[in-house]
2 protein chains.
Amino acid sequence: MQTFAHVMVAGLGVLGSQIAFQVAYSGFEVSGYDVDANALEAGLHRLAQLRDRYSRRSDPADRKRAEHALERIELTSDLATAARDADLVIEAVPENLELKRDFYHKLAPLLSSTAAIVTNTSTLLPSDLAESTGRPDKFLALHFANHIWVHNTAEVMATTETDPDLYRKIVTFAQEIGMVPIELKKEQPGYLLNSLLVPWLQAASSLFMQGIADPEMIDLTWRKATGAPTGPFQVFDVIGIRTAYAVSTAGDSTQQEFANYLKTNLLDQGKLGIESGEGFYHYPHQQVRKINDAGALEDANDHAPS
Amino acid sequence: MQTFAHVMVAGLGVLGSQIAFQVAYSGFEVSGYDVDANALEAGLHRLAQLRDRYSRRSDPADRKRAEHALERIELTSDLATAARDADLVIEAVPENLELKRDFYHKLAPLLSSTAAIVTNTSTLLPSDLAESTGRPDKFLALHFANHIWVHNTAEVMATTETDPDLYRKIVTFAQEIGMVPIELKKEQPGYLLNSLLVPWLQAASSLFMQGIADPEMIDLTWRKATGAPTGPFQVFDVIGIRTAYAVSTAGDSTQQEFANYLKTNLLDQGKLGIESGEGFYHYPHQQVRKINDAGALEDANDHAPS
């Protein structure tokens with residue numbers, strides 16, 4: 001017996017479509033919502049690509065599940081239809097406070113009063129959104145990573161108002177859909193992963209900006225000393241130079257200097273990281289394909305409009 | 001033709017003896033200096049253990065080199081004898097500014113005026129020591145990591161007074177003794193590795209101290225997201241809880257809270273990390289042996305008196 005019977009996924013952007021597919025692939029009935037026909041069409045295109053990707057899995061049973069996953073997803077741009085049967089809503093609409101609040105205000109009256117809502121927000125706190133859902137006790141954050149099929153972590157983060165039973169239920173749900181739940185006990189901006197990544201990346205970019213060493217040398221140091229497969233500048237290429245730029249512009253003066261460096265030397269040259277074949281490093285075409293199949297590290301495209 | 005003909009290693013503590021052995025193993029004549037007969041005896045014991053360790057290598061030629069390495073090391077507590085033929089001194093005496101300066105003051109008049117000196121200091125800057133060597137242009141830092149046979153990085157860091165030709169020569173020397181040179185272009189406290197490690201470890205310990213998540217969950221997050229073999233609390237166990245404690249006590253209030261946690265919950269219970277079989281995690285005896293054979297991450301024992 002599964003935790004939920006019918007899951008609505010709101011927003012079929014890069015990550016929203018991955019979530020919808022993964023949930024359907026795991027055997028749940030899904031309604032996939034986005035704002036209009038164009039957004040739905042783009043979402044459907046992404047879902048079809050995901051089906052093709054999952055259909056290359058080695059286990060014949062997995063391939064069969066992948067081929068039939070789309071049959072369990074009903075796409076609609078009518079919010080009432082999407083919400084009608086849902087006992088869980090996963091919200092993956094664009095990363096904008098007012099936009100998300102507005103979405104919740106519209107959703108609340110259309111949704112069963114017993115239904116739970118989780119937000120996939122990366123940069124906001126669930127407590128910023130709880131009130132607008134009209135059911136703060138039935139609301140928390142469930143944060144996925146881009147390329148969900150390899151980076152199958154789901155950070156679970158509640159507010160002080162969240163029902164503890166719902167927290168446990170969402171942890172179980174995360175497992176049911178093949179995720180490794182990362183349980184946070186309190187709200188934390190950036191969850192666990194970005195709270196660890198950001199200071200590490202900033203230390204690396206500061207060393208570079210202060211002229212202490214080059215990216216290659218900094219990456220080599222980390223790999224050799226810790227046995228990790230990638231150093232910080234390789235991680236910048238994975239998460240994407242656009243995301244690195246956005247994070248750096250919000251930092252201190254050294255970080256802003258780094259943001260300028262990224263803009264002038266990489267972004268303005270069309271070097272976006274692995275996704276474009278070049279960032280701090282150059283990636284031959286074949287390697288990019290292999291990396292994309294394996295999946296990139298983080299939710300670089302999390303904020304793409306749905 | 002090798003860069004140097006005769007290398008003096010000053011201080012035969014945990015890391016000094018590893019350096020002396022590795023240099024001799026790489027074909028250099030070595031004079032190993034320490035302050036008295038007791039220190040020399042302890043050093044000789046360490047060197048014999050290293051010979052036994054290196055003698056387990058799979059390549060018969062490596063085993064042969066290991067067996068004969070000690071023959072190239074002359075041990076003495078007479079500074080004049082140790083310095084007589086040296087054209088390079090690697091200083092690995094205890095990590096104390098006055099003690100190191102005092103050593104250099106005594107060494108300078110006994111050493112050929114053309115000989116170079118490198119310091120293995122972890123926490124001082126070479127510019128703190130340059131004057132006391134009497135030859136600031138022939139002095140820089142060459143920083144090794146504990147368990148040199150697996151963690152074969154050597155951070156090369158000069159002062160503004162160091163002769164650039166000597167810098168290049170030391171980079172070549174590092175390669176001659178089987179190290180991967182990590183080249184720093186300017187002085188940086190903590191070199192590259194600790195400059196990356198410390199903010200990352202502090203981010204992790206802050207998350208723990210603030211009650212956001214447990215060590216296991218934080219480590220899991222890092223491993224799953226980056227593919228690294230170890231998360232930050234596993235790294236604490238590798239570098240040793242004593243070192244973690246020493247670093248934390250120098251930090252902000254959250255870090256001092258973490259230091260208190262380490263003292264009460266680990267140090268006072270004899271839990272020193274992998275070396276004692278338990279730290280944040282428990283390590284069965286066999287695993288400790290395997291890890292010690294593979295080598296720990298960092299120079300936890302760098303500061304042990306020689």
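Which side chains meet in a salt bridge at 2.8 Å, N to O? They are those of A:Asp214 and B:Lys185. Keep in mind as we go that this is a predicted model. The rule finds 2 salt bridges across the interface of chain A and chain B, and the count of residue pairs in polar contact between these chains is 8. On the side of chain A that touches chain B, the elements giving two or more residues are strand E7 (153-158), strand E8 (180-183), H8 and H9 of chain A. H8(A) supplies the largest share, 9 residues.

Let us step back and look at the whole contact. Chain A contributes 42 residues to it and chain B contributes 42 residues. Together the two chains bury about 3600 Å² between them, and 74% of that area lies on carbon and sulfur atoms. How are the two chains related? A turn of 180° with a shift of 0.0 Å along the axis lays chain A on chain B with an RMSD of 0.0 Å. That is the relation of a two-fold axis. If you would like a landmark for the axis, go to A:Ala228: of the residues of chain A, its C-alpha comes closest, at 2.1 Å. The copies meet through the same surface, because 100% of the interface residues of chain A are also interface residues in chain B.

One helix of this interface deserves a closer look. Helix H9 of chain A covers residues 215-226, and at 1.5 Å a residue its 12 residues should span 16 Å; the end C-alpha atoms are 17 Å apart, which agrees. Its buried residues are A:Pro215, A:Met217, A:Ile218, A:Asp219, A:Thr221, A:Trp222, A:Ala225 and A:Thr226. A general point helps in reading such a list: an α-helix has 3.6 residues a turn, so residues three or four places apart point the same way. What do the buried residues of H9(A) pack against? Within chain A, their partners are helix H8 (193-209) and helix H10 (232-239). From chain B, they meet strand E7 (153-158), strand E8 (180-183), helix H8 (193-209) and helix H9 (215-226). After H9(A) comes A:Gly227, whose phi is positive, near 75°.

Now move to chain B and find B:Ala174, which sits in helix H7 (residues 164-176). Is B:Ala174 buried or exposed? Its relative accessibility is 0%, so B:Ala174 counts as buried. Leaving aside residues up to four places away in sequence, B:Ala174 touches B:Leu142, B:Ala154, B:Met179 and B:Pro181. One of these, B:Ala154, is 20 residues from B:Ala174 in sequence, yet their C-alpha atoms are 6.8 Å apart in space.

Finally, let us return to charge pairs. Side chains of opposite charge can pair when their charged atoms come close. Over all chains, the rule counts 26 salt bridges. In one of them, A:Glu91 pairs with A:Lys100, with the closest N and O atoms 2.5 Å apart. A:Glu91 counts as buried because its relative accessibility is 0%, and A:Lys100 counts as buried at 1%. A network of salt bridges links these two residues with A:Glu95. In chain B, the side chains of B:Glu91 and B:Lys100 also meet in a salt bridge, at 2.5 Å from N to O, and both residues are buried. The salt bridge between B:Asp52 and B:Arg51 has an N to O distance of 3.5 Å. There B:Asp52 is partly exposed, with a relative accessible area of 41%, and B:Arg51 is partly exposed at 27%.

Conventions
Residues are numbered from 1 along each chain as its sequence is written. Chains are lettered from A and ligands numbered from 1 in the order in which they are written. This is a predicted model: local features need pLDDT of at least 70, side-chain atom pairs count only at pLDDT 80 or more; totals for chains, interfaces and linings use all residues. Side-chain values use heavy atoms; hydrogens and water are left out. Helices (H or I, at least four residues) and strands (E, at least two) are DSSP runs, numbered from the N terminus. The expected span of a helix is 1.5 Å times one less than its number of residues. Buried means under 20% relative accessible area, exposed over 50%, partly exposed in between (1.4 Å probe, protein chains only). Contact means heavy atoms within 4.5 Å. Copies are superposed by least squares on the C-alpha atoms of residues with pLDDT of at least 70 in both. Buried area is the accessible area (1.4 Å probe) that two parts lose on being put together, summed over both. A salt bridge is a side-chain nitrogen of Lys or Arg within 4 Å of a carboxyl oxygen of Asp or Glu. A polar contact is a pair of N or O atoms within 3.5 Å; within protein, one must be able to donate a hydrogen and the other to accept it, and residues adjacent in sequence count only if both atoms are side-chain atoms.
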